[in-house]
Amino acid sequence: MRAPAPAYRANDGVIDAATAALGGRLLHSLDAVGEVALHVDRASLVETMVALRDTPGLEYQQLMEIAGVDYPDRGIDRFEIVYCLLSLTRNHRLRVHVQTDDEKPVPSVTGIWPVAGWLEREVYDMYGVLFSGNSDLRRILTDYGFRGHPQRKDFPLTGYVELRYSEEAKRVVYEPVALAQDFRTFDFMSPWEGAEYVLPGDEKAKAPEAKGAATPLKADEIVKADAAKSPVSGVTEPKTTENTTQSGAGKPGPGAGEKPADPDVVPSNKGQNQ
């Protein structure tokens, strides 16, 4: 028999227990689409995580993921760091949110969960968020000389440099993109979006079109227009034949007529068995 899927604990009572355990460190909470999100104060993040881990009734022992979100229209504290926690004893998940910018560091939780070291490096690499207390805060997803943070909403999607691995320098180097000017000014507009391209043969299709016509002419109208533009001088009569000599019907073939007598063959009127 197939084992039943694990039953996740309901969200009933989670926000009340978190409010009682965190107190003023909890800014606001949200229970939506079956998930509980707690927005907490950035400066007291470590104390908040310890309380969520050790408080009976909460007991979120495991850090599953750290993610970043960029809200450039927010103005102040545009970045939001999301911690995904899992309670193994209660089989329940929880999200913890903190807000910051590219200057104010977020306290590191590597002292609680050592796995947070790599996760914080990913957020730093993609968003540029600093983590105070991380002893090895280096880029982890991009190359050595990468400039900027790719997951920011204002990060440019195109550029004029390319990267490659150099055997001489033994590292990844940046070089200017060497593209022909035709590719630099390539028109990426779809032909279904109204682009006007003049291709060989287009002048034939537009020749019979009336000036100011709303739609192109149909195929039969184009044929009529071509016929009117180049009329035929004379009428050609269909080809007919009056006798078989004109068509070749009934003409003797190369094997027709009497065959010459063969002197080596003696004619006989007897049958094969006579």
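Hi everyone, this is a short walk through the strands, one helix and the overall surface of the structure above.

Please keep in mind that we are looking at a predicted model. The chain has 274 residues, and along them we find 7 helices and 9 strands.

Let's begin with the sheet. It is an open one, built from 5 strands in the order S1-S2-S5-S4-S3, and its pairing is mixed. At the edges sit S1, residues 26-32, and S3, residues 62-70, each with a pairing partner on one side only. On average, neighbouring strands here are turned by 20° against each other, if you ignore direction.

Now look inside that sheet at S2, residues 35-40, and S5, residues 92-100. These two run parallel and are joined by 3 bridges. If you want a spot to click on, Ala37 stands opposite Arg95 in S5.

Which helix lies across S2, S4 and S5? That's H2, residues 45-54, and it runs at about 175° to S5.

Further along the chain there is a hairpin, made by S8 and S9 with 4 residues between them. S8 covers residues 161-166 and S9 covers 171-176; they run antiparallel, with 6 bridges joining them. Across this pair, Glu162 stands opposite Glu175 in S9. In the turn, have a look at Lys170, which has a positive phi of about 60°.

Finally, the chain as a whole. Of its residues, 26% count as buried. The accessible surface comes to about 20,200 Å², and carbon and sulfur atoms account for 55% of that. As for contacts between residues at least 6 apart in sequence, 47% join residues at least 24 apart.

Thanks for listening!

Key:
Residues numbered from 1 in each chain as written. Predicted model: local features only at pLDDT ≥ 70, side-chain atom pairs only at ≥ 80, totals over all residues. Heavy atoms only, no water. Pairing = 2+ DSSP bridges. Axes fitted to C-alpha atoms, helices over the stretch in contact; angles between N-to-C directions. Contact = heavy atoms within 4.5 Å. Buried < 20%, exposed > 50% of the residue type's maximum accessible area, 1.4 Å probe, protein only. Areas by Shrake-Rupley, 256 points an atom, 1.4 Å probe, with all protein chains shown as cover.
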